[in-house]
Amino acid sequence: MSSCRLLQSELKLWTSGRSKWTRGLNEGIGWSGKAFLSTSCCPKVCIVGSGPAGFYTAQHLIKARQDVEVDIYERLPVPFGLVRFGVAPDHPEVKNVINTFTQTAKHSRCSFYGNVNVGKDVTVGELQQAYHAVVLSYGAEANRRVGVPGEDLRGVYSAKDFVGWYNGLPSCRELSPDLSCETAIILGQGNVALDVARILLSPLDTLKKTDITQPALEALAESQVRKVLIVGRRGPMQVACTIKELREMVNLPGTRPEMVAADFEGVPEALKAEAHVQTHSPYTEPSGNCSQVKIASDVEELKTGCRYRELLFCSNAHYVDLLASSLSLDKDVALI
Ligand SMILES: Cc1cc2nc3c(=O)[nH]c(=O)nc-3n(C[C@H](O)[C@H](O)[C@H](O)COP(=O)(O)OP(=O)(O)OC[C@H]3O[C@@H](n4cnc5c(N)ncnc54)[C@H](O)[C@@H]3O)c2cc1C
């Protein structure tokens with residue numbers, strides 16, 4: 001079947017109650033098909049997904065060739081992927097990249113089509129017939145399961161969903177995390193863990209100045225969470241967060257970092273050794289006792305309105321055991 005005929009036969013896909021977007025899509029697909037069939041010298045490229053990967057691809061294609069035309073298809077009604085729905089709302093500077101992406105989207109040789117779920121509304125095969133090239137840049141979708149008993153229990157949320165909830169991702173709107181408990185545990189010690197901890201513990205006045213969703217703000221205003229444990233499998237040498245984010249965390253208003261000297265036993269030596277033989281061993285087994293970083297809040301009188309009580313970085317307590325014992329603590333623990 002020719003691509004033109006195939007696309008015509010599939011036009012019903014674009015006419016099922018989404019007139020605003022489908023009109024553009026019809027034109028985009030139809031035009032592309034014609035361009036392809038009429039051996040137009042103008043290359044048409046289709047990009048699936050409008051996150052950073054998609055937009056950087058579009059940007060570079062447009063810059064590299066004066067004749068290329070780019071159509072970006074996005075499943076959500078709005079562009080920018082995890083820059084919009086992942087990056088923490090109190091880090092607006094990271095989202096500045098949206099300005100560049102917007103310039104690309106406005107370019108005369110770039111078109112954005114939202115609300116198009118590739119694989120459902122249109123197949124990759126159909127796109128291949130309509131475009132000279134198809135770029136798949138649809139990001140990482142699924143959650144990674146920990147594989148321990150209890151992870152499906154109520155009160156256990158994936159960071160992806162929790163982040164999506166406070167960032168307004170439509171599919172996470174109904175999450176309503178239970179924040180009536182005093183302790184939250186976050187598994188993993190990367191930047192996303194710190195994002196979640198910061199959102200749970202930041203003063204409301206700080207959050208109010210961000211573009212966090214109103215329902216999340218209201219839920220956080222009622223939150224009883226006073227203690228956050230950030231749990232990692234291994235020691236401080238393997239913590240995955242960056243220094244900037246860690247500094248920001250320990251400087252959160254109402255907190256005082258408390259480093260226990262014993263937790264760092266062996267770490268300076270290990271650092272020196274690592275600098276020496278950097279390439280030989282990317283993975284260091286945790287040693288018995290050099291693995292706990294404790295950052296505790298000021299236990300003195302807390303200022304009124306300060307929601308922050310305690311932040312504890314736990315490493316080397318085997319996270320599976322911790323998860324299991326946390327679950328047995330019943331309702332006092334929220335797991336994220
Ligand atoms: C919670 C969180 C916080 C982060 N914070 C930072 C940070 O502060 N700084 C930083 O540099 N990085 C951060 N990152 C990482 C960064 O967001 C990602 O590396 C980046 O967004 C990946 O870009 P991408 O284009 O590959 O995927 P995504 O941003 O995920 O974009 C993929 C797009 O494809 C769309 N899509 C998926 N399937 C389909 C389909 N079938 N049809 C059409 N469209 C589809 C999706 O809706 C999405 O819009 C964070 C990530 C997370 C999860």
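**A ligand between two domains, and the strands of the model**

Good morning. In this predicted model, the ligand is surrounded by 27 residues, of which the closest are Gly49, Gly51, Gly81, Gly86 and Gly139. Three elements each give two or more residues to this shell: helix H3 (52-64), helix H4 (81-85) and helix H8 (191-201). By residue class, the shell around the ligand holds 13 nonpolar, eleven polar and three charged residues.

Where does the ligand lie with respect to domain 1 and domain 2? Residues of the shell come from both domain 1 (3-136) and domain 2 (159-335), and therefore the ligand lies between them.

Let me turn to the open sheet. Strands of a sheet pair through backbone hydrogen bonds, and the pairing may be parallel or antiparallel. Here, four strands follow the order E3-E2-E1-E4, and they pair in the parallel sense. Why do strand E3 (110-113) and strand E4 (133-136) each have one side without a neighbour in the sheet? These two strands stand at the edges and have a single partner strand each, so one side of each is left free of a neighbour in the sheet. From one strand to the next, the twist averages 20 degrees.

Within this sheet, please look at strand E2 (residues 69-73), which runs parallel to E3 and is joined to E3 by four bridges. One position to find on your screens is Tyr73, which stands opposite Tyr113 in E3. Helix H3, already mentioned for giving residues to the shell around the ligand, also packs on the sheet. H3 touches strand E1 (44-48) as well as E2, E3 and E4, and the direction of H3 makes about 170 degrees with that of E2.

I now move to another pair of strands. Strand E5 (residues 183-187) and strand E6 pair in the parallel sense, over five bridges. Two places show how their residues match: Thr183 has Lys227 in E6 as its bridge partner, and Ile185 stands opposite Leu229 in E6.

Are the residues of strand E6 (227-232) mostly covered or uncovered? E6 is mostly covered, since six of its six residues are buried. Lys227, Leu229 and Val231 point one way from the strand, while Val228, Ile230 and Gly232 point the other way, and all of them are buried. The charged residue Lys227 is thus among the buried ones. Its partner strand, E5, is also mostly covered, with four of its five residues buried.

Thank you for your attention.

Definitions and conventions: Residues numbered from 1 in each chain as written. Predicted model: local features only at pLDDT ≥ 70, side-chain atom pairs only at ≥ 80, totals over all residues. Near = placed C-beta within 6 Å. Domains from an automatic or database assignment. Buried ≥ 20, exposed ≤ 12 C-beta atoms within 10 Å, placed from the backbone. Pairing = 2+ DSSP bridges. Axes fitted to C-alpha atoms, helices over the stretch in contact; angles between N-to-C directions. Contact = placed C-beta atoms within 7 Å.
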